[in-house]
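Biologist: I would love a close look at one part of this model, with its surroundings explained residue by residue. Could you take me through it at an easy pace?

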Amino acid sequence: MKFSNRYIFLYISVLVIIVAGTLAIVSLVLRPRQEANRKGETAARILKAAGYGALSTEQAVALFDSVASPITDSQTERYAIVCSDGDTGQVVYVSGKGLWGPIWGYVVLASDNNTIKGVAFSHKSETPGLGAKITEESFADSFSGKKIYNADGEYVSVVLAAKGNSEANAENSVDAISGATITSKGVEKMLYEGLKDAGK
Amino acid sequence: MKKFLEPLSKNNPIIVQTLGVCSALAVTAQLKPAVVMAAAVTVVCAFSNLIISLIRNTIPPRIRIVVQLVVVSFFVILVDQFLQAYLYETSKMLSVFVGLIITNCIIMGRLEAFALSHKPLPSFLDGLFNGLGYGLVLVAVGVVREVLGQGTLWGYPVLSDKFYTLGYMNNGLMVLPPMALILVGSLIWIKNARQS
């Protein structure tokens, strides 16, 4: 069968319009649910860092609205948050660069603006099993109780040291992820830049 | 019917035709993403085969690849949107690999080789079983990698603590893509050895 050019143009145009139209409708219908998922996940992770334990996304969104309020006079995204122990700390949004793409996270600081209560890191495309470990609980847990100022009151942020070297300066360092040097350095730099103004 | 079942073993897309290997290496570190990925590919393969077969007589041959891509992309985006809405955690683990189903050779291969020249129902079944054949390998590799790499299955611990106290350690290499390649290679080896 021979098809004219006219037929070909019409055929592909109609096909693309049908496909695009259907996808637009599907996207509109599903968007509220997808956004709720994303919001709920972020809220759940921040709350976990603030000591509230594991929550479902619905619980997390409700609780987050009641314990956290945005700090509006800040240049970056920040919230004042009442932690599970009653202490009023702040949540600081930090972002930086990993090996393959952006990394970001939320750091919960206690009311002394020095002690880290917890962290929740995310990444776009770090290597699974290596850099992607920054999202894991065991890594996040290692930050709890660390301080961003050293004993002399100088700002040092938290250093990611090679395994075994972190004890020398236990207050201000955690174990880096072995095999993921660049992601670890990225996390270190992100924290240094992101928490610089938060401690004041 | 026998012919339709061929992709499950005798003519398996991954271990006999070595198609779709890239995603098979990438998403099989754990069982759950492997199963979801297998389901996604099966749905996309079956339904794009069905649609292409339904409109096969109206497609101008000169632009048939374009038409196929539009149809495959449609289903892939649909699947991706649904995963993001209903299986958010898993969709994050699969990240770009859902979108990359568009370029999966199994799907384009079945459209070209089968759907363009067969009736809708056989085409649908052909897509379905090719997707399942792909899924079978993913699940097999996913089970081995998750149990040996992390000591869990579907996220639940399966190895008792006694092993660990005796000095057993999770195999870190299992988590990395090269080990998936070695496992798929071993499957191909076993398959070839048995068939010759």
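Biologist: Let me start with a lysine: is A:Lys185 buried, partly exposed or exposed? Please build outwards from there.

Modeller: Happy to, and please keep in mind that this is a predicted model, so every value below is computed from predicted coordinates. A:Lys185 is partly exposed, because its relative accessible area is 48%, between the 20% and 50% limits. Its side chain meets that of A:Glu188 in a salt bridge, with N and O 4.0 Å apart. The two residues are 3 places apart in helix α4 of chain A, so about one helical turn separates them. As a rule, an α-helix has 3.6 residues a turn, so residues three or four places apart point the same way. A:Glu188, for its part, has a relative accessible area of 19% and is therefore buried, the limit being under 20%. The bridge thus has a buried glutamate and a partly exposed lysine.

Now for the helix itself. α4(A) has 15 residues, running from 181 to 195. From its first C-alpha to its last it reaches 21 Å, close to the 21 Å expected at 1.5 Å a residue. Besides A:Glu188, its buried residues include A:Thr183, A:Ser184, A:Gly186 and A:Val187. A:Met190, A:Leu191 and A:Leu195 are on the buried list as well. Among the elements that cover these buried residues are β3 (88-97), β4 (102-109), β5 and β6 of chain A.

One of those covering strands deserves a visit. A:Phe121 is found in strand β5, which spans residues 116-123 of chain A. With a relative accessible area of 0%, A:Phe121 is buried. From α4 come three of its contacts outside the sequence neighbourhood: A:Val187, A:Met190 and A:Leu191. Elsewhere in the chain, A:Phe121 is in contact with residues including A:Arg45, A:Gly105, A:Ile134 and A:Thr135. Two other phenylalanines, A:Phe139 and A:Phe143, also touch A:Phe121. A:Trp104 is another contact of A:Phe121; the two are 17 residues apart in sequence, with their C-alpha atoms 5.8 Å apart in space.

Back on α4, there is a ring pair to look at. The structure holds 16 aromatic pairs over all chains. In one of them, the rings of A:Tyr155 and A:Tyr192 have their centres 5.1 Å apart and their planes at 45°, so the pair is tilted. This pair links distant parts of the chain, since A:Tyr192 sits in helix α4 while A:Tyr155 lies in the loop between α3 (137-141) and β6 (159-161), 37 residues apart. A:Tyr155 counts as buried at 18% relative accessibility, whereas A:Tyr192 is partly exposed at 36%.

For a ring pair in the other chain, turn to B:Phe47 and B:Phe124, which are edge-to-face, with 5.3 Å from centre to centre and 75° between the planes. Here B:Phe47 belongs to helix α3 (residues 31-54) of chain B and B:Phe124 to helix α8 (residues 120-150), and 77 residues separate them. Both partners are partly exposed: B:Phe47 has a relative accessible area of 35% and B:Phe124 one of 23%. Ring pairs also bring in B:Phe74 and B:Phe75, linking them with B:Phe47 and B:Phe124 into a cluster.

Helix α8 of chain B also holds B:Asp126. B:Asp126 counts as buried, at 5% relative accessibility. Beyond its neighbours in sequence, B:Asp126 touches B:Phe4, B:Asn49, B:Arg110 and B:Phe114.

Let me return to the charged residues of chain A. A search of the whole structure finds 8 salt bridges over all chains. The bridge between A:Glu188 and A:Lys185 is one of them. Another joins A:Glu193 to A:Lys196, where the closest N and O atoms are 3.5 Å apart. A:Glu193 is partly exposed at 44%, and A:Lys196 is partly exposed too, at 33%. In chain B, the side chains of B:Lys10 and B:Glu6 meet in a salt bridge at 3.7 Å, N to O. There, B:Lys10 is exposed at 54%, while B:Glu6 is partly exposed at 27%.

One last stop is on the surface. A:Ile25, A:Leu28 and A:Val29 form a nonpolar patch there, with about 330 Å² of accessible area together. A:Val29 lies in helix α1 (residues 5-49) of chain A and counts as exposed at 59% relative accessibility.

Notes. Residues are numbered from 1 along each chain as its sequence is written. Chains are lettered from A and ligands numbered from 1 in the order in which they are written. This is a predicted model: local features need pLDDT of at least 70, side-chain atom pairs count only at pLDDT 80 or more; totals for chains, interfaces and linings use all residues. Side-chain values use heavy atoms; hydrogens and water are left out. Rings of Phe, Tyr and Trp (its six-membered ring) pair if their centres lie within 6.5 Å; planes under 30 degrees apart count as stacked, over 60 as edge-to-face and the rest as tilted. Helices (H or I, at least four residues) and strands (E, at least two) are DSSP runs, numbered from the N terminus. Buried means under 20% relative accessible area, exposed over 50%, partly exposed in between (1.4 Å probe, protein chains only). Contact means heavy atoms within 4.5 Å. Patches are made of residues with over 30% relative accessible area and no salt bridge: like charges are joined within 9 Å, nonpolar side chains (Val, Leu, Ile, Met, Phe, Trp, Tyr) within 5 Å. Accessible areas come from the Shrake-Rupley method with a 1.4 Å probe; for residues, only the protein chains shown count as cover. The expected span of a helix is 1.5 Å times one less than its number of residues.
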